Amino acid sequence: MKNKITIDELEKYLWGSAVLLRTHVDAGAYKQYIFPLLFFKRLSDVYDEECEKIKKEYGEEALDWEENHQFLIPEGAHWSDVRNTSQDVGKAIVEAFHKIEAANPEKLQGIFGDASWTNKNRLPDRLLKDMLEHFSTKTLSIENCPADELGQGYEYLIKQFADDSGHTAQEFYTNRTVVNLMTEMLKPQPGESIYDPTCGSAGMLISAVAYLKEQKKEWRNLSIYGQEIVTLTSAIARMNLLLHGVQDFEIVNADTLKTPAFTEHSKLKQFDLILANPPYSISQWDRTAFESDKYGRNFLGTPPQGRADYAFFQHIIKSLDDETGRCAILFPHGVLFRNEEKDMREKLIRKDLVECVIGLGPNLFYNSPMEACIIICRTKKENNRKGQVLFINALNEVTRKNAQSYLESKHVKRIADAYEKYESDNDIAIKVTIKDIEKNDFSLSIPLYIQTTNENEADDRTVQECYGDWKASANRAIMYHSMIMEMLGGAKDDNR
């Protein structure tokens, strides 16, 4: 296949579209225009590829049979129709998008978003023509660019936007090496239902699919569900899944705490596996409604207005299947020890739902030196894990490069192996009982149970990396100080 696009070519091709937008559009808005055009090009090229195969196998008359097409491209709504438009190009793009969505209501309704394509001050015809010509330089058929490879290129573009536009991209990008770790520990199985209540660009859901593909296990029978509050990001999630070749999924654009999308018989739908990175410590949420939540998501209590972490936590636990349910959640360290959430944390621990707490290293998040933890919960623990919690110190299981940290495969393996063994290991893990945690006033703060200092090693970091690590250490010191003060404050309250 001489026309097959290499990954390097694909990445240069995709990023080239962003370069065209510079000086015209803010970096944070690239995604509003590039993702829909990329998806439009892919749909048109795959449609053409299908048509060629249909004509060869069944003849010209079979082209009108809907069952032969993955998606329908109505007359006048093909990429070539828009490309041949000489003026009012933005209007032609919008009309094509509307026609395609209308022809594929179940799969594509609303998927192209609502960007201002007709704003000629921002997007003059000449710029849009340049964009169309740029994307037209390659054919994005399945033969030229298989779903896995196009999906990989798409993920590359998402990461580039996170790097290039700063915090504007963080609402839908989580470091993929951390996501891979979470997936590796939960081990998705064929036929399972997988859910992400704050799915962003669907990276965690795609990671579960990729895990099964790598294991050479059946992945097409997964049932995939996600909810995302940001309209554009939910559309990106749908595009991302489709570009990765995933067909059986449901992504809903709505507020998970206010309007959970997946219910059955007036109860939350339950899932085998949940992967999540909820927004950290948000204060703009309806606490009053949660106090009398009709789905019983306040079974541990009602979180404080200033931090909705335990609202998401309870939503996730309540959404787990009673027999097979397991989850991995990326949280700020504060959920482990904050005094204002102590009662909820105590109930959670006493219910024996927490299986493992993993402390991650700094700089694993784009444009932020913050550290986070992964909490793994399971509705039905194995007998040898009941009444116990495993703490894993993964502070040093990172590789630094250009002030950015990531997990190599060796790090993922070491952490996942420690979780799988579920044994105390002075080097990385320690297993404690619920009684041990009770002695620490139900704090899950990792330093209470296992050493978390950095290794002494030759320092070959850049000044930027040193600054990032220093900032992370300062944040860690503040966190520990806060933890101690909250514990002391709780003690004072108890003595009143």
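Two strands are taken to pair if DSSP finds at least two bridges between them. With that in hand, the bridge partner of Leu360 in strand 10 is Ala394, and strand 8 and strand 10 (residues 388–394) run parallel, joined by five bridges. These values come from a predicted model, and the paragraphs below work outward from this pair of strands to the sheet and then to the helices around it.

As a whole, the protein chain holds 16 helices and 13 strands. Of its 496 residues, 54% are buried. Contacts across the sequence are well represented: among those between residues at least 6 apart, 76% join residues at least 24 apart.

The sheet comes next. Nine strands make up an open sheet with mixed pairing, in the order 3-2-1-6-7-9-8-10-13. Strand 3 (249–253) and strand 13 (429–433) are the edge strands, each pairing on one side only. From one strand to the next, the twist averages 15°. Strands of a sheet pair through backbone hydrogen bonds, and the sense may be parallel or antiparallel; both senses appear in the pairs described here, beginning with strand 8.

On its other side, strand 8 meets strand 9 in the antiparallel sense over five bridges. Here Ile358 has Ile374 of strand 9 as its bridge partner. Strand 8 is largely enclosed by the rest of the structure, because seven of its seven residues are buried.

Strand 7 gives a similar picture and can be followed residue by residue. Seven of the seven residues of this strand are buried, so strand 7 too is largely enclosed by the rest of the structure. In a regular strand the side chains alternate between the two faces of the sheet. In strand 7, Arg326, Ala328, Leu330 and Pro332 point one way, while Cys327, Ile329 and Phe331 point the other way, and all are buried. Strand 7 pairs with strand 9 in the antiparallel sense over seven bridges, and with strand 6 in the parallel sense over four bridges. Cys327 takes part in both pairings: its bridge partner in strand 9 is Cys377, and Ile274 stands opposite Cys327 as well.

Toward the strand 3 edge, strand 2 (residues 223–228) and strand 3 pair in the parallel sense over five bridges. Within this pair, Glu228 has Asn253 of strand 3 as its bridge partner. Helix 8 (residues 176–186) also packs on the sheet, where it touches strand 6 (273–276), strand 7 (326–332), strand 8 (354–360) and strand 9 (372–378). The direction of helix 8 makes about 150° with that of strand 7. Helix 8 is mostly covered, with nine of its 11 residues buried; among them are Arg176, Val178, Leu181, Met182 and Leu186. Just after helix 8, Lys187 takes a positive phi of about 50°.

Helix 10 (residues 231–243) lies across strand 2 and strand 3, and it runs at about 170° to strand 3. This helix also leads to the helix packing, as helix 10 has a contact with helix 2.

Two packed helices are described by the angle between their axes and the distance between the axes. For helix 2 and helix 10, the axes cross at roughly 30° and come within 11 Å. That angle makes helix 2 roughly parallel to helix 10, and the crossing is left-handed. Helix 2 contributes Lys31, Gln32, Phe35, Pro36, Leu38, Phe39 and Arg42 to the contact, and helix 10 contributes Leu232, Ile236, Met239, Leu242 and Leu243. By class, these residues are nine nonpolar, one polar and two charged.

Helix 2 (residues 30–58) also packs with helix 4 (residues 89–103), at an angle of about 60° and with the axes 12 Å apart. Helix 2 and helix 4 are therefore oblique to each other, and this crossing is left-handed. The contact brings together Pro36, Leu37, Phe40 and Leu43 of helix 2 and Ile93, Ala96, Phe97 and Ile100 of helix 4. The residues of this contact divide into eight nonpolar, no polar and no charged. Pro36 of helix 2 appears in the contact with helix 4 and in the contact with helix 10.

Technical notes
Residues are numbered from 1 along each chain as its sequence is written. This is a predicted model: local features need pLDDT of at least 70, side-chain atom pairs count only at pLDDT 80 or more; totals for chains, interfaces and linings use all residues. Side-chain values use heavy atoms; hydrogens and water are left out. Axes are lines fitted to C-alpha atoms, for helices over the stretch in contact, and angles run from 0 to 180 degrees between N-to-C directions. Helices (H or I, at least four residues) and strands (E, at least two) are DSSP runs, numbered from the N terminus. Angles under 35 degrees count as roughly parallel, over 145 as roughly antiparallel, 65 to 115 as roughly perpendicular and the rest as oblique. A crossing is left-handed if the near helix is turned anticlockwise from the far one by less than a right angle, and right-handed if clockwise. Contact means heavy atoms within 4.5 Å. Ala, Val, Leu, Ile, Met, Phe, Trp, Tyr, Cys and Pro count as nonpolar, Asp, Glu, Lys and Arg as charged, and the others, Gly among them, as polar. Buried means under 20% relative accessible area, exposed over 50%, partly exposed in between (1.4 Å probe, protein chains only).
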